[in-house]
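Reader: Could you walk me through one part of this model up close? I'd like to hear about the salt bridges, and then how they sit alongside the rest of the chain.

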Amino acid sequence: MNKTRLFKQSLLAVTISLATQQAMAAGFQLNAQSATGLGRAFAGDAVIADNATVMSRNPAAMALFDKTSMSLGFETITTMIDVKDVDYNGLGGSVAVDDVDDVGSTSVAPNLHVIVPVNEQFAWGVTAYSNFGTKTEFSDDYPASEYGGLTDVKSFNLGLAGSYRLNKQLSFGAGFDVIYGQGTMKRVGGDGLTLVGMNGTALIDVDKADGWAFGFNVGTVYELDENNRFGLSYRYSPDFEAKDDHGQKITLPLPDIAEFSGFHKIKDTQFAVHYSVQWIGWSDFDKIEFRNLDSSRSAVGSFNNGSYDKTYAWQDGWHFAIGGTYYLNKDWTLRAGYMYDTSAQDNVTSISVPDSDRQWFSTGFTYQIDEQSNFDFGFTYLMGKDVDVSESTTVGTTTVSTLEATTHADAILLGLQYSRTF
């Protein structure tokens, strides 16, 4: 069992890291706060302010509301993940592995946002949304099961924010975030580990490892006039700490996020154009720190006096989104958008955590039920790229198996939402 302990702890780190990040966009970031935003590829979402969901992207935009507003909805994420052209080798030589195309799943991410104006200058709001919604699950008889298995992670964000309108043009906002993360990962030794006696051995069986983290966000809105405005926001994400059932403490850095958005309704028309540029500081995710809090457990492998650091090689990510809105009549609003989303993974890749540059093709609509309430629908087809993956498993100083493959991940996202003013 000592031979597998370092491998087990390294995989646990991946579970915890995913449990505290966002999923399904590049770098496991998910935009699941708004069906309205989903229908325009989230272009302009830090400033459009057509319902209460905007506070999740920019707290300053709450200053644009003069009535109490509520939005309640959910998003479904169906991932379609292929793993093909696998070259899997153990100490005994090559092991045949068939292509698979069924390791994705469908997840549901709910959201709730409420904005309460106090007077012409002040507003406050609360927000709750899931910033994870995906998992990968390989079959129990997958030959390279030390690289496959089950990865299932969830996270939930609770936020409280306030805004202040300085004058007709300029508003500011700030908010506080409480993030809860939970992850499950299961791995067993595959056919390539037969010669080292680990075929079928439970390498990792982590169930609902969890933890809490706290962050904040700030933003500003500048209004040229009623038809033209800009938004800028920044979200600070802290180092996240979590504990497993074995007395091990894991510390990992999470990425900060900055976003610039613009909205322009073309004069004397029913059409508006909007756009966003978002930066995600994934390069901060350089390593995961392990600290063994159980002094009865001896140091193993790369552990030194109960500590171990696992190095990653991620890079900063970018979103570039543009969209259009057509105000058809008093009952119907139509929208569409496109986003290009750059990959966070660079040198470190995985078949269980596929990542690539991605394109978002989005459309949606709003139906006005009455003067106070409306219904939103959003649809996105997210198209990834083929990525060459190379992984290895090491016990002590010996590489006991290697895997090379090509992964491809697409997704279908659907959002429904009800919004109301009071």
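Author: Here's a look at the salt bridges first, followed by the cores, the surface and the confidence values. Keep in mind that this is a predicted model.

A search of the whole structure turns up 9 salt bridges. Let's start with Arg40, which pairs with Asp50; their closest N and O atoms sit 2.8 Å apart. Both residues lie in the loop between α2 (35-38) and β1, so this pair ties together parts that are 10 residues apart in sequence. The two ends don't get the same cover: Arg40 counts as buried because its relative accessibility is 2%, under the 20% cut-off. Asp50, on the other hand, has a relative accessible area of 36%, so it goes down as partly exposed. There's a third player here too, since salt bridges with shared partners join Arg40, Asp45 and Asp50 into one network.

Next up is Arg335 with Asp376, where the closest N and O atoms are 3.2 Å apart. This one goes from strand to strand: Arg335 is in β17 (residues 332-341) and Asp376 is in β19 (residues 373-383), so the pair ties together parts 41 residues apart in sequence. Both ends are tucked away. Arg335 has 5% relative accessibility and counts as buried, and Asp376 is buried as well, at 1%.

Then there's Asp355 with Arg358, with 3.8 Å between the closest N and O atoms. Asp355 counts as buried at 5% relative accessibility, and Arg358 is also buried, with a relative accessible area of 4%.

Now for the setting. The chain has 2 helices and 21 strands, and 56% of its 422 residues count as buried. If you take the contacts with a separation of 6 or more, 70% of them are between residues 24 or more positions apart.

What about the nonpolar side? The largest nonpolar core has 18 residues, and those touching the most other members are Val83, Val86, Tyr88, Phe138, Tyr142, Ile351 and Leu403. Three elements each give two or more residues to this core: β1 (69-90), β20 (387-395) and β21 (398-421). The largest share, 4 residues, comes from β1. Zooming in on Phe138, and skipping neighbours within four places in sequence, you'll find contacts with Val83, Val100, Val103, Gly148, Gly149, Ile351 and Ser352. A second, separate core has 16 residues, among them Met55, Ile115, Ala161 and Val221.

Out on the surface, the chain exposes about 17500 Å², with carbon and sulfur atoms supplying 55% of it. There's a nonpolar patch out there with about 970 Å² of accessible area together, and its members include Phe74, Ile266, Phe271, Trp332 and Leu416. Ile266 lies in the loop between β12 (257-265) and β13 (271-280), and at 40% relative accessibility this residue counts as partly exposed.

Finally, the confidence. Mean pLDDT for the chain is 84, and 82% of the residues reach 70 or more. Residues 1-25 have pLDDT below 50, and the model gives that stretch 102 contacts beyond near neighbours in sequence. Residues 296-308 stay under 50 too, with 29 contacts beyond four places in sequence.

Key
Residues numbered from 1 in each chain as written. Predicted model: local features only at pLDDT ≥ 70, side-chain atom pairs only at ≥ 80, totals over all residues. Heavy atoms only, no water. pLDDT = per-residue confidence, 0-100. Contact = heavy atoms within 4.5 Å. Core = buried A, V, L, I, M, F, W, Y, C linked by side-chain atoms within 4.5 Å. Buried < 20%, exposed > 50% of the residue type's maximum accessible area, 1.4 Å probe, protein only. Patch = residues over 30% accessible without salt bridge, like charges linked within 9 Å, V, L, I, M, F, W, Y side chains within 5 Å. Areas by Shrake-Rupley, 256 points an atom, 1.4 Å probe, with all protein chains shown as cover. Salt bridge = Lys/Arg side-chain N within 4 Å of Asp/Glu carboxyl O.
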